[in-house]
Amino acid sequence: MKSIQIGLVGIYVLLLHISYVYFISPDYSYMGFIYRHIPNAKVVAISMLYIILPILFTKKELKKPSELVFWILYFIVYIPVVWVPNYLFDSIQLSLMYANTLLLLCLLIIGNVNHLPVIRITPLRANKRMLRMIYIVSLFFFFIYIFKVSGGINLKPPIDSEDIYDKRLAFRMKLTPVAGYIIQWLAKVWNPLLVAFGLVHRRYIFVFIGLVLQYLLYTVNGLKSTLLSTALLIIVYIAFKNNGRNFSILFCLSLCSLLGISIFLDFIYEQTYFSNLFARRMIITPGLLTTYYIEFFSQHPKALLSYSILERFIDPVYEVSPPFIIGTEYFGRPQMAANANMFADAFANFGYAGFIIYTLILSGLLWVYDSLVQKETLRSFGIIIFVIPAWCLADTALTTTFITSGMIFIFMFMYLLLGTDQQKGAR
């Protein structure tokens, strides 16, 4: 089985290479997706060694949410972070080698949270009907508020890049602080709950409703992550069949199929739309941005969370947060928030030590969540609804994921759901 995993990972890297060289770089080199030359054999060998090592120390099954986080970070963050710099530089960068080594260690820590003993959690007894009512009412009022702020429902989606950025800018100008949180919670918790419930219980009308609600949000904010994250949720569900027995193989196979179909369609229609949407936006961008974060903050002072949690204790190191710094320095767009992933944010704030600090914090959270969904009746649902919070870690900072992106609500929801399960068992 290890040989199959390694072979599929090799195909995955090859498809990323084809997407980058033949579709992404020619159209997006002005955005930093540079292709200088084919990496030499030595660079390829070193990169592939780093890429294969995590597979050798982890199992292919998926039984706990922490294992899901490991595989999402492995495919969507770790592999691009290791591979993409090969196109950007003429020689091996020492700072990136240090980063790759530490990321390997961090990934192995996260991948072994599943071996920790389960925490005994005594939940509050909760009424499932009341939880359902709270969910429906909050969903309704959240959408009413968002549509009020945005100026109503717009069924026509933004399609090309200019249209998308215009939509984002228009929404940002209308955005209130409350609306900013609510639209994140809708896209990453409330709507995906419907999709996950429908998939796990095979009640596909709820999947359809959840997808429609995600589409309506996309027409409002123009954020492709709203749709991509839901697509990833469905991919994980497909790969999770047979109770996650061959999850890593099926997950990699699904991603390879997605990339392969995108390449085929773009080749046939002489375009870059699908490679841009899936390969560039969902997978390659985290690798590119992490490289830029490490390059910049290796040569400049660390941000030390002085723009966020520690702003009351530390004088601001920069006038803006790291995503806007990278957006300005590498893309020449001061209004662009170049969000990367939890590891890029960790390095921007605390350097190499940040990798370990953030990994230990995340591992603690995953340990708690693994314990919340240990019951067989809750496990499948608990894993599937954790897909988007896990994906947020590949797309933004850990602190942002936990609060702004709503991971905290997933913890709360599963805690209360554990209470309803206990009450049912007591009867």
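Leu304 has a relative accessible area of 31% and therefore counts as partly exposed, the class between buried (under 20%) and exposed (over 50%), as assessed with a 1.4 Å probe and protein chains only. The structure is a predicted model in which local features require pLDDT of at least 70 and side-chain atom pairs count only at pLDDT 80 or more, while totals for chains, interfaces and linings use all residues. Residues are numbered from 1 along each chain as its sequence is written, and side-chain values use heavy atoms, with hydrogens and water left out.

**Backbone geometry in two loops**

The phi angle of Leu304 is near 60°, a positive value in a residue other than glycine. Leu304 belongs to the loop between helix 12 (273-299) and helix 13 (322-331); helices here are DSSP runs of H or I with at least four residues, numbered from the N terminus. Asn243 likewise has a positive phi, near 55°, and is not glycine. Its location is the loop that joins helix 10 (225-239) to helix 11. With 46% relative accessibility, Asn243 is classed as partly exposed. Most residues other than glycine have a negative phi.

**Cavities**

Rolling a probe the size of a water molecule over the atoms shows where empty space is left. Searching the whole structure yields three cavities of 30 Å³ or more. A cavity is a set of points on a 1 Å grid over the protein atoms alone where a 1.4 Å probe fits but cannot get out, and lining residues have an atom within 4 Å of a point. Its volume is the space filled by probe spheres set on the points, which are joined across faces, edges and corners.

The largest cavity holds about 220 Å³ of space. Its lining comprises 17 residues, and those nearest its centre are Val43, Asn86, Ser91, Ile92 and Gln93. At least two lining residues come from each of helix 2 (41-56), helix 4 (85-88) and helix 5 (94-111). By class, the lining of the largest cavity contains nine nonpolar, seven polar and one charged residue. In this classification Ala, Val, Leu, Ile, Met, Phe, Trp, Tyr, Cys and Pro are nonpolar, Asp, Glu, Lys and Arg are charged, and the others, Gly among them, are polar.

For the second largest cavity the volume is about 40 Å³. The residues lining this cavity are Gln5, Leu8, Val9, Ile55, Trp71, Phe75, Ser248, Ile249 and Cys252. Helix 1 (2-28), helix 3 (65-83) and helix 11 (247-269) each contribute at least two of them. Seven residues of this lining are nonpolar and two are polar, with no charged residue.

**Salt bridges**

Four salt bridges are present, each defined by a side-chain nitrogen of Lys or Arg within 4 Å of a carboxyl oxygen of Asp or Glu. Among them are the following pairs.

| Acidic residue | Basic residue | Closest N and O atoms |
|---|---|---|
| Glu67 | Lys59 | 3.6 Å |
| Glu61 | Lys60 | 3.0 Å |
| Asp395 | Arg281 | 3.3 Å |

The pair of Arg281 and Asp395 connects distant parts of the chain: Arg281 lies in helix 12 and Asp395 in the loop between helix 17 (387-393) and helix 18 (398-402), 114 residues apart. Both Arg281 and Asp395 are buried. In the pair of Glu67 and Lys59, Glu67 has 5% relative accessibility and so counts as buried, whereas Lys59, at 39%, is partly exposed. Lys60, the partner of Glu61, is buried at 17% relative accessibility.

**Surface patch and helix 6**

A nonpolar surface patch consists of Met130, Met133, Ile134, Val137, Phe140, Phe141 and Ile144, whose accessible area together is about 710 Å². Patch members have over 30% relative accessible area and no salt bridge, and nonpolar side chains (Val, Leu, Ile, Met, Phe, Trp, Tyr) are joined within 5 Å. The areas come from the Shrake-Rupley method with a 1.4 Å probe, and for residues only the protein chains shown count as cover. Ile134 is part of helix 6 (residues 128-150), and Ile144 also lies in helix 6. With 44% relative accessibility, Ile144 is partly exposed.

**Two C-alpha separations**

From Ile144 to Pro54 the C-alpha separation is 45 Å, with their positions 90 residues apart in sequence. Val82 and Leu104, 22 residues apart in sequence, have C-alpha atoms 9.9 Å apart. Val82 is located in helix 3 and, at 3% relative accessibility, is classed as buried.

Key
Patches are made of residues with over 30% relative accessible area and no salt bridge: like charges are joined within 9 Å, nonpolar side chains (Val, Leu, Ile, Met, Phe, Trp, Tyr) within 5 Å. On a 1 Å grid over the protein atoms alone, a cavity is a set of points where a 1.4 Å probe fits but cannot get out, and a pocket is an open set with protein on both sides within 12 Å along at least five of seven lines; lining residues have an atom within 4 Å of a point.
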